[in-house]
Amino acid sequence: MDLLTLSAINFLLGLTILLCCGYQVKHQSSGSPWLWFSLSGACLLLNAGIALIADLGVQISLLLPMLANAATMSMHLCVLFGLAAWQQRPLRRWLYWSLVLTVVMLHLLPVMQQQFRLRVFVCFSVIILLNIRALGLLKPLKLSQLSVASRILGTALLFNLAQMTTRWLMYGAELMAPERFTQPPLLHQLGFFCMTVFASILLAGFVAVLVQQQHQLLLHQAQRDALTGLYNRHQLAPKITAVLNQSSRQKHQVALLLLDLDHFKQINDRFGHSLGDKVLTAVATAMQQHCRDYDLLFRLGGEEFLICLPDTGPQQALQKAEQLRLLIRQLHQQQDWPAELQLSASIGWTCSNGQSEVMSLIEQADQALYRAKQLGRNLVIYHSDLQDLPTHQAAQSSA
Ligand SMILES: Nc1nc2c(ncn2[C@@H]2O[C@H](COP(=O)(O)OP(=O)(O)OP(=O)(O)O)[C@@H](O)[C@H]2O)c(=O)[nH]1
């Protein structure tokens with residue numbers, strides 16, 4: 001393939017990356033990686049545009065090689081920054097910016113302006129460094145943990161690193177011993193071809209990142225309650241069954257707490273539905289903050305929540321239930337809700353016995369919750385204590 005065709009292909013690839021990633025910047029809230037990825041497309045576009053003009057035989061100014069090299073280095077820089085933002089990894093951006101800027105400024109030196117090979121050698125050194133750093137961002141994950149998108153981007157970076165290093169060595173050898181080493185004539189064309197392959201794999205990687213993000217978004221929407229972000233009721237059976245199976249293998253107990261806010265209808269009626277929504281969100285957030293990372297919280301609907309506590313026996317479960325009841329009772333102290341808003345919750349709870357089944361456990365917790373409501377609300381009741389409790393007791397409540 002001749003250089004003109006390669007430059008035209010790179011131009012189109014750069015344009016596609018810019019448009020595809022730019023569209024994401026406009027339509028996604030988590031736009032940071034996409035901003036960098038679209039900038040990398042813009043840099044490729046600029047670089048290929050300059051090469052296209054040169055290939056067409058137009059006389060170019062001395063500053064244009066500097067601009068072309070700046071665009072190539074910036075393209076790799078943007079890929080690195082985009083990967084760091086996507087992987088949410090810290091990066092000293094100023095360090096890499098300064099490096100690229102320094103090399104761009106070096107192009108103003110007469111020795112650099114005269115020596116094409118020296119310019120390329122210095123730029124390739126920076127690009128190799130940026131590629132190694134970018135690969136380092138994917139390194140902490142094991143191969144089996146890498147998503148398809150990460151694998152494609154990793155392949156693009158590895159390929160680029162290999163071809164850049166080979167050409168860097170050749171340019172280096174030629175600079176050191178110009179009389180003994182003559183470069184293969186196809187090297188420049190090969191470089192452009194490799195850049196096209198790199199940009200193509202990169203584009204495929206960006207598309208894979210996009211598909212992965214959409215998949216995660218859909219998964220989140222299917223599993224989570226839209227208001228509180230907790231798991232929705234469809235997740236009850238699969239998630240809790242998995243916990244019960246694991247716990248019975250390890251001979252650990254699992255506690256289920258069924259929590260229902262008291263007289264929530266009155267809160268809606270007196271203070272409005274939107275404050276009702278705020279109360280539900282605040283309750284969900286507070287409960288999450290007071291539970292362990294591996295506890296599972298569900299919103300079953302309305303003002304009813306279920307908390308699944310793995311590796312938890314009756315004593316700890318009772319403590320947690322009491323803690324959550326008090327937390328909700330005192331929640332208004334941290335909020336700007338009207339002073340008259342009284343919030344409390346009733347909790348029915350139970351523990352697994354090794355062979356328990358999800359639905360029967362929920363049924364037990366529900367019976368205990370029903371009794372807590374009957375006994376006056378703002379109460380915590382254990383299913384195993386139901387026989388010893390009165391069936392009805394007017395207006396009994398705890399502090
Ligand atoms: N703000 C808001 N209210 C909701 C939502 N989902 C259900 N509700 C309301 O929650 C209220 C539940 O009322 P009830 O089932 O009578 O329960 P309650 O008033 O808490 O009474 P007890 O449970 O017996 O203490 C209803 O008024 C529903 O309209 C929601 O997403 N947001």
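This short talk goes through the empty spaces in this structure and then through three of its helix packings.

Before anything else, please keep in mind that what we are looking at is a predicted model, and that the residue numbers I quote run from 1 along the chain as its sequence is written.

Let me begin with the pockets. The largest pocket has a volume of about 560 Å³, and 27 residues line that space, with Asn-47, Ala-68, Asn-69, His-188 and Phe-192 lying nearest its centre. Which helices contribute at least two residues each to this lining? They are H2, spanning 32–55, H3, spanning 63–86, H6, spanning 116–138, H7, spanning 148–176, and H8, spanning 187–223. As for the chemical character of the lining of the largest pocket, 18 of its residues are nonpolar, six are polar and three are charged.

The second largest pocket holds about 250 Å³ of space. It has 15 lining residues, and those closest to the centre of this second pocket are Asp-262, His-263, Gln-266, Gln-342 and Ser-344. Helix H10, residues 264–271, gives the largest share of the lining here, namely four residues. If we sort the lining of the second largest pocket by class, we find three nonpolar, seven polar and five charged residues.

Turning to enclosed space, how many cavities of 30 Å³ or more does a search of the whole structure find? The search returns one, and about 50 Å³ of space lies in the largest cavity. Its lining is made up of Leu-62, Leu-63, Pro-65, Met-66, His-107, Gln-113 and Arg-119, and H3, with three residues, supplies the largest share of that lining. In terms of class, the cavity lining comprises four nonpolar residues, two polar ones and one charged one.

Now to the helices themselves. As a reminder, two packed helices are described by the angle between their axes and the distance between the axes.

I will take H3 against H7 to start with. Their axes come within 13 Å of one another and cross at roughly 150°, and because angles over 145 degrees count as roughly antiparallel, H3 and H7 are described as roughly antiparallel to each other. The crossing in which H3 passes H7 is left-handed. On the H3 side, the residues that take part are His-76, Val-79, Leu-83 and Trp-86, and they meet Ala-149, Ser-150, Leu-153, Leu-157, Asn-160 and Met-164 of H7. This contact of H3 with H7 involves seven nonpolar residues and three polar residues, with no charged residue taking part.

H7 also packs against H6. The axes of H6 and H7 come within 9 Å and cross at roughly 150°, so this pair, too, is roughly antiparallel. The crossing of H6 and H7 is left-handed, and the residues of their contact divide into 18 nonpolar, seven polar and three charged.

Finally, we come back to H3, this time in its packing with H8. Is this pair roughly parallel or roughly antiparallel? H3 and H8 pack at an angle of about 20°, with their axes 13 Å apart, and since angles under 35 degrees count as roughly parallel, that is the description that applies to H3 and H8. Here again H3 passes its partner, H8, in a left-handed crossing. The contact brings together Thr-72, Met-75, His-76, Val-79 and Trp-86 from H3 with Met-195, Phe-198, Leu-202, Val-209, Gln-212 and Gln-213 from H8. Sorted by class, the contact of H3 with H8 has seven nonpolar and four polar residues, and no charged ones.

To close, I would draw your attention to H3: His-76, Val-79 and Trp-86 are among the residues that meet H7, and His-76, Val-79 and Trp-86 are also among those in the contact with H8. H3 is, moreover, one of the helices that supply at least two residues to the lining of the largest pocket.

Conventions
This is a predicted model: local features need pLDDT of at least 70, side-chain atom pairs count only at pLDDT 80 or more; totals for chains, interfaces and linings use all residues. Side-chain values use heavy atoms; hydrogens and water are left out. On a 1 Å grid over the protein atoms alone, a cavity is a set of points where a 1.4 Å probe fits but cannot get out, and a pocket is an open set with protein on both sides within 12 Å along at least five of seven lines; lining residues have an atom within 4 Å of a point. Grid points are joined across faces, edges and corners, and a volume is the space filled by probe spheres set on the points. Ala, Val, Leu, Ile, Met, Phe, Trp, Tyr, Cys and Pro count as nonpolar, Asp, Glu, Lys and Arg as charged, and the others, Gly among them, as polar. Axes are lines fitted to C-alpha atoms, for helices over the stretch in contact, and angles run from 0 to 180 degrees between N-to-C directions. Angles under 35 degrees count as roughly parallel, over 145 as roughly antiparallel, 65 to 115 as roughly perpendicular and the rest as oblique. A crossing is left-handed if the near helix is turned anticlockwise from the far one by less than a right angle, and right-handed if clockwise. Contact means heavy atoms within 4.5 Å.
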